[in-house]
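Here are two short exercises to try with the model open beside you. Have a go at each task before you read its solution.

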Amino acid sequence: MTSESVQLTDEDKGVFETARKVFSGELNMEQVKDFYDDWVTTYEKDCVPGRYNAHLLAAEAVNSTYPENRDQIILLDVAAGTGMLGEELLKSGFKHLHALDASEGMLNKAKEKDIYEKIYCDFLTENPLPIEQDTYDCSACSGGFGAGHIPSGALKELVRLTKPGGMIIFSMREEFLNSEEYRDKLEPMMQQLETSGKWTREERSVVPNYFCGKNGIVYRFKVI
């Protein structure tokens, strides 16, 4: 089902407009963080499954990657927000989940759910985080890529944090690839990392109804 075939309710349109503001490219990263701190009170009500499926798509990709021994995987939930992806993974048998997000308000909500063993309140950029190299078996992200959010260069930091043989998995809105933030930057960076022997691409799948009928895209990379 494509975006053209989905009929949006007035409530859907209101949530889409809220998301449009935070992904408009008009906000810097600090302003985006503040936006999420304010949005936290209605975020999960706004982002119900069916309207917003980013976390479900990312969880499905992680689950298919790790059909067994999920309780042994150490996983970083990037742009974890209120822990919607973490909840799905916990239900699937993942036990060692860590969260990274810049919004303290979102993370406070996540803490209430007792999902994560460790929580980092910080931005993901190309600058090293206070986390040791090769820490994670898997780094996963749902909805963290967009204007004013995770920059293209941050892929290098995800590679640094993820163990050789580990996986980097994320879902994002397909149309964002053509945004000023990522056009001629994000996928070329992915290719550069593959060419330089940092990772290999395992999956690039366009999926329907990611958010309010908009297509999404799921990536899976294996770190070398």
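**Exercise 1.** Work out how many disulfides the structure holds, and explain the result for Cys47.

Solution. Start with the count: there are 0 disulfides here, where a disulfide is a pair of cysteine sulfur atoms within 2.5 Å. Next, look at Cys47: its closest cysteine sulfur belongs to Cys212 and sits 8.5 Å away, so that's too far for a bond. Cys212 is in no disulfide either. Last step, check accessibility: Cys47 comes out at 3% relative accessibility, so it's buried (buried means under 20% relative accessible area, with a 1.4 Å probe and protein chains only). Cys212, at 6%, also counts as buried.

A quick note on the source: this is a predicted model, where local features need pLDDT of at least 70, side-chain atom pairs count only at pLDDT 80 or more, and totals for chains, interfaces and linings use all residues. Residues are numbered from 1 along each chain as its sequence is written, and side-chain values use heavy atoms, leaving out hydrogens and water.

**Exercise 2.** Find the largest cavity and say which residues lie nearest its centre.

Solution. First, the definition: on a 1 Å grid over the protein atoms alone, a cavity is a set of points where a 1.4 Å probe fits but cannot get out, and lining residues have an atom within 4 Å of a point. The structure has 1 cavity of 30 Å³ or more, and the largest cavity's volume is about 530 Å³. Now the lining: 39 residues, with Tyr36, Ala79, Gly143, Gly144 and His149 nearest the centre.

Key. 1 Å grid on protein atoms, 1.4 Å probe; cavity = no way out; pocket = protein on both sides within 12 Å on 5 of 7 lines; lining within 4 Å. Points joined across faces, edges and corners; volume = space filled by probe spheres on them. Buried < 20%, exposed > 50% of the residue type's maximum accessible area, 1.4 Å probe, protein only.
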